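Q: Could you zoom in on how one helix sits against its partners, and then follow that packing out into the rest of the model? I'd like the handedness sorted out before anything else.

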Amino acid sequence: MPQTPPVVDIVQASQAAITAILNKIETVVLGKPNECRLALACLLAQGHLLIEDLPGMGKTTLAHVLATTLGLTYQRTQFTNDLLPADIVGFSIFDQKTNRFELHKGPIFNQVVLADEINRASPKTQSALLEAMAEQQVSIDGITHELPRPFFVIATQNPLFHAGTYPLPESQLDRFMMRLSLGFPDIKAEKQILLTSSQRTNQKTADNQAAVVSQDELIAMQDAVSQISVSNDVLEYIIALSHVSRRAYSSHTSQVNNSGETAAIISCKPLSPRASKALLQAAKAMAFIDNRDYILPDDVQAVFYVVCQHRLEMQANQQLDPSQQESTSVARQILNSVDVLNPLGY
Amino acid sequence: MMLFNKKKKLVSQNTSGNVNGKTMSNFYLSRQNSWLLCLCQCLNIAVVALELSTWMLIIIALSLAWQALLLQQNRATANTSRGKHPGTVQSNLASKRHSHGPSKQLATNISPVVLGIFALLGCVAIALTAKQVGILLSMVHLLCFSYALKGFELRTRRDFYQLLLLGLFILASALIFRQDLVFSLIILSLLIINLTVLLQFFSSENAFATNLKVVVVLLGQSALLAVVLFLVFPRLSPFWQVPFAKSAKTGLSDTVKPGDIANLTRSTKLAFRADFGGQKIPNYAQLYWRAMVLENYDGRQWRRQNKVTQNKADGSGTKSLIFDASNTEVLPLTYQVFVEASFQKYLFALAPAVVTGNASGITAQTDYTIQSSTIISQAKSYRLTSYLTAPLALELSPQSRQINLSYPQGSNPRLEQLALQLQHNYVDVQARAQAVLTLINQQNYSYTLQPPLLVNNSLDQFFFDSQAGFCVHYASAFTFLMRASGIPARLVTGYLGGEYNGVTNEVNSAGKIVNKGHLSIYQYDAHAWSEIWVAGKGWLRIDPTGAVDPQRVNIGWSNQLLQEQAELNNTFFNLYRMKNIAWLNTLRLQFDALDYQWTRWVIGFTSQQQYDLLKHWFGKMVPWKLALIIAVTLVLSMLMLMLLLHWLNRPKVKKQAFAQWQIIYHKAIDRLAKQGMEKPLAMTVNDFAKKIRQQYPELALVFTQLSASYNRLCYQTLSISEQEKQTVTMQQQYHHFIQVLKNSDKKHL
């Protein structure tokens with residue numbers, strides 16, 4: 001294997017591109033710089049993104065602009081309750097000319113797959129995405145097809161209390177590295193949105209925008225992200241966070257409320273090692289975006305809510321009740337109970 | 001502007017806490033600490049001030065005032081220089097050589113040469129006066145002098161240590177002069193203050209009160225060790241013996257002229273205490289504490305017979321003349337006497353007495369006094385057995401008789417004439433003495449603390465003209481009359497009576513009062529009386545004072561005398577008031593009891609007592625055993641100390657698991673927490689720095705740097721050398737941070 005340049009160099013070399021990407025995204029998704037960064041981080045960390053929000057909050061816009069800015073092939077699929085798995089992955093069809101079955105690739109063979117309103121589809125269809133997301137491959141008629149690289153699923157969903165929605169199964173939720181919600185824009189941003197929307201036909205402006213980075217550059221960045229160094233302290237911090245969730249879970253399930261610490265945390269599901277992995281990966285991407293070749297606890301904290309909240313919630317997807325605040329969430333409580341300087345509490 | 005000034009200081013501090021890890025050469029003491037130190041110096045000097053000569057006190061006062069003035073000036077210059085060069089830290093770095101930290105450092109603007117010359121002159125002056133004041137006092141002078149001057153040259157940390165050490169030494173030396181309870185408590189509190197000043201230097205972030213508490217706790221913890229060492233550590237002479245202080249002390253002197261003791265009675269100082277160990281204490285009128293026998297009379301004053309001639313007079317076998325307890329059938333009375341330092345050799349006893357117990361250097365004399373072979377320079381105790389009614393010296397040697405009959409012929413012609421008359425009228429010796437007493441009693445004699453002055457100490461003038469006097473007047477005149485009429489007589493001085501302090505009395509299970517009290521004999525109990533020698537009865541005690549003021553002899557001071565004394569002393573807490581206000585008197589007695597215990601158990605714990613105690617614990621003492629005990633105690637106490645330290649460090653062992661940068665950062669955030677800026681557990685280092693930036697703009701720069709260093713050290717993979725470098729930088733940043741914090745504190749105050 002050829003010697004790759006040190007991570008530091010890649011990190012620094014990529015900064016211009018990162019800034020450019022972010023700038024471009026932010027001109028489309030107005031007033032949400034933090035969410036834009038997180039979405040980019042998710043992509044750099046090779047994770048899939050779930051955007052959950054009310055209709056008309058700019059979910060699709062974000063997904064779209066991400067794809068175009070990064071110069072990736074992109075297809076949007078509107079999920080409905082009669083959508084079949086074959087509609088997503090594709091199917092073989094008998095070609096009478098060649099007398100053979102021809103493969104019709106579904107939308108999943110794009111680099112960026114936008115699964116719009118994913119929770120409107122039936123569980124069967126939803127789970128069709130599962131293999132694709134986890135293994136980066138699909139099987140059609142027993143033949144396994146590799147998916148392109150980079151492969152990135154952006155799903156949007158409506159809050160569960162909306163009519164005609166099927167909750168995503170936990171296993172499926174777990175495949176999404178992050179769950180974002182955009183939230184209402186502030187007054188200034190909304191004013192801007194209203195002004196610009198009159199000047200453009202919403203999607204097309206984004207479409208016309210040229211890619212900022214090439215695919216190769218993006219892949220290089222993704223590789224660099226996974227090489228970001230992690231100190232022992234940060235690892236312990238991540239472990240401590242997931243341990244708190246596990247302790248809270250076990251004390252909840254066994255109905256023993258002995259220690260004050262866990263009692264303070266409301267019931268939650270335990271974080272799986274996959275969650276920890278996702279957390280670490282996302283934090284690495286945040287560090288990368290921040291022009292660092294090492295992770296700080298700040299990075300972990302920045303992504304903790306979006307990475308873990310949907311894995312922690314007891315009743316899946318009951319979120320997006322507007323009264324639910326980030327500051328009172330389970331994720332926040334877990335964060336607050338761990339000492340950053342001394343995570344495992346020596 | 002304020003901030004800039006802080007930075008400047010910081011930089012000088014920063015560069016001095018150098019990178020190479022050597023000790024700091026540049027010394028910095030904050031303003032508050034400088035003032036504290038100055039105050040501390042004043043207090044330390046104050047405890048020995050009574051012993052110092054006036055010129056020395058003036059010099060010391062001047063130099064301390066000068067130091068205070070310099071401190072004040074520095075403040076002014078610090079204020080005016082504020083904001084002259086608003087610049088970056090870097091530019092200040094360049095100018096750091098010129099910017100000493102303000103406060104005590106500017107004290108160096110007295111040139112060392114001047115200081116040296118001044119010190120030399122002072123030393124010469126001390127050396128010149130050494131002969132007058134004695135070696136010990138001149139050493140104390142030297143100590144105080146150097147202590148006062150050292151304040152001028154606080155340049156390095158070492159100077160600071162030296163200054164504090166000198167201060168502690170002064171405190172210790174002050175105990176040479178006084179050891180009573182109150183004084184010891186004062187010394188203890190000063191010790192605490194001195195140590196707090198030291199601690200203040202190291203952790204100036206703490207409030208004075210906090211440090212004070214720490215010092216008190218530490219001293220409390222070390223008290224146990226002190227007690228053990230006090231009990232078993234050998235009191236080696238001469239190291240562990242207080243040197244003699246040649247200082248004027250109240251007390252009896254070995255020459256007495258009429259009027260002398262009256263002055264002594266103004267003093268309410270303690271002379272000695274006697275503990276009868278629960279036995280019945282003899283009547284007041286029997287408590288004639290014999291101190292000295294004065295046999296030589298030169299017409300003006302009474303003098304002790306010097307020992308050589310006395311021995312010659314008593315014949316060679318002096319031993320045989322010492323009171324022999326085996327021959328008497330009188331009931332013995334055993335008691336313990338605790339004397340205060342008198343800087344004399346005489347001791348006190350109810351004659352005749354023999355020394356019991358092993359008190360080295362204390363012997364009974366042929367004149368029935370008890371004497372110490374060395375000057376009593378510190379509190380001392382000894383045990384005596386007295387046979388109160390036993391006769392003294394049934395035989396009188398011719399020489400002795402001659403001495404006790406001699407008087408300068410013609411010195412007091414009228415008394416001599418009276419004596420001849422008496423000799424003629426009364427053949428019986430005792431009747432003759434009684435006649436004089438009757439004469440004194442019936443004529444218009446008065447007993448007063450303010451006797452009229454006598455020309456040439458003429459006894460004639462007293463006896464026939466003024467007829468007012470104190471015990472010495474009466475005893476002198478009486479003794480003179482006796483001698484002139486042919487009866488061997490001598491003057492005895494000592495103390496009469498004593499105050500019984502029954503505060504410590506206990507009631508036992510049977511409901512009876514257990515007598516645990518003691519007698520306190522004060523200087524105002526000083527007395528003089530006469531002894532005449534009667535064949536077959538030996539020396540008889542005759543107290544002519546009893547003839548003029550019976551109350552003095554039987555009960556104690558009359559109110560009239562107390563009043564007189566109060567007038568003479570003119571102090572608020574005079575004896576008259578004390579004795580007539582019940583609660584005040586109770587308080588006084590309580591305190592006396594406490595002081596007695598202190599004297600008895602702490603000051604009176606001499607090498608002899610120590611020896612006895614060890615013997616009591618470990619059986620008969622032999623040198624190797626003693627050495628073994630000391631060695632074992634030392635080793636054990638050291639072991640205990642080590643264990644204690646180990647135990648105390650137990651939580652710190654955990655802390656050792658933390659890297660150095662973690663410790664530094666924790667220290668920093670602890671400091672901020674004290675300021676009310678607590679770092680939430682879950683807040684990251686960067687977020688906290690941001691918060692600090694918002695709330696303490698003056699800390700922003702330095703704390704952000706510190707935080708960045710922490711993040712690098714903690715989370716970045718660094719090579720060892722990079723790590724070390726970054727740690728050093730972080731340490732400097734920490735010092736810098738502390739400085740800024742302190743300064744901003746001051747500003748907020």
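A: Handedness first, then. Look at two helices with one in front: if the near helix is turned clockwise from the far one by less than a right angle, the crossing is right-handed, and if it is turned anticlockwise, left-handed. Bear in mind that this is a predicted model.

The part to zoom in on is helix 1 of chain A, which spans residues 7-28. By that convention, helix 1 of chain A passes helix 2 of chain A in a right-handed crossing. Helix 2 of chain A covers residues 33-44, and the two axes come within 10 Å and cross at roughly 130°. That angle makes helix 1 of chain A oblique to helix 2 of chain A. On the helix 1 side, the residues that do the touching are A:I18, A:I21, A:L22, A:I25 and A:E26, and they meet A:P33, A:C36, A:R37, A:L40 and A:L44 of helix 2 of chain A. Sort the residues of that contact by class and you get eight nonpolar, no polar and two charged.

Now for another partner of helix 1 of chain A. Helix 9 of chain A (residues 215-227) also has its axis within 10 Å of helix 1 of chain A, with a crossing of roughly 130°. The pair is therefore oblique, but here helix 1 of chain A passes helix 9 of chain A in a left-handed crossing. Helix 1 of chain A brings A:V7, A:I10, A:S14, A:A17 and A:I18 to this contact, while helix 9 of chain A supplies A:A220, A:M221, A:A224 and A:Q227. The tally for that contact is seven nonpolar, two polar and no charged residues. One name to keep an eye on is A:I18, listed in the contact with helix 9 of chain A and also in the contact with helix 2 of chain A.

A:L44 leads us outward. Having met it in the contact with helix 1 of chain A, you'll find A:L44 again among the residues with the most contacts inside the largest nonpolar core, along with A:L49, A:L62, A:M178, A:V303, B:F703 and B:F737. That core has 109 residues, and its largest share, 11 residues, comes from helix 12 of chain A (residues 273-289). A second, separate core has 80 residues, including B:L333, B:I362, B:I487 and B:V534. As general background, nonpolar side chains in soluble globular proteins tend to be buried together.

Two residues give a feel for the wiring around here. Take A:M178: setting aside neighbours within four places in sequence, A:M178 is in contact with A:L38, A:A41, A:C42, A:H48, A:L49, A:L50, A:A282, A:V303, A:V306, A:V307 and A:H310. On the chain B side, try B:L672, which is found in helix 25 of chain B (residues 660-674). Its relative accessibility is 0%, so B:L672 counts as buried. Beyond four places in sequence, B:L672 is in contact with B:M677, B:F688, B:I692, B:L699, B:F703, B:F737 and B:L741. B:L741 from that list is 69 residues away from B:L672 in sequence, yet their C-alpha atoms are 8.4 Å apart in space.

Back in chain A, a couple of backbone oddities are worth checking if you care about torsions. A:E117 isn't a glycine, yet its phi is positive, about 50°. A:E117 is placed in the loop between strand 5 (112-116) and helix 5 (123-135) of chain A, and at 19% relative accessibility, against a cut-off of under 20%, A:E117 counts as buried. A:N291 also has a positive phi, near 65°, and lies in the loop between helix 12 and helix 13 (297-312) of chain A. At 36% relative accessibility, A:N291 counts as partly exposed.

To put helix 1 of chain A in its wider setting, chain A comes to 14 helices and nine strands. Of its 346 residues, 52% are buried. Among the contacts in chain A with a separation of 6 or more, 79% join residues 24 or more positions apart. Chain B, for its part, comes to 28 helices and 20 strands, with 48% of its 749 residues buried.

How values were computed: Residues numbered from 1 in each chain as written. Chains lettered and ligands numbered in written order. Predicted model: local features only at pLDDT ≥ 70, side-chain atom pairs only at ≥ 80, totals over all residues. Heavy atoms only, no water. Axes fitted to C-alpha atoms, helices over the stretch in contact; angles between N-to-C directions. Helix = DSSP H or I, 4+ residues; strand = E, 2+ residues; numbered from the N terminus. Parallel < 35°, antiparallel > 145°, perpendicular 65-115°, else oblique. Contact = heavy atoms within 4.5 Å. Nonpolar A, V, L, I, M, F, W, Y, C, P; charged D, E, K, R; others polar. Core = buried A, V, L, I, M, F, W, Y, C linked by side-chain atoms within 4.5 Å. Buried < 20%, exposed > 50% of the residue type's maximum accessible area, 1.4 Å probe, protein only.
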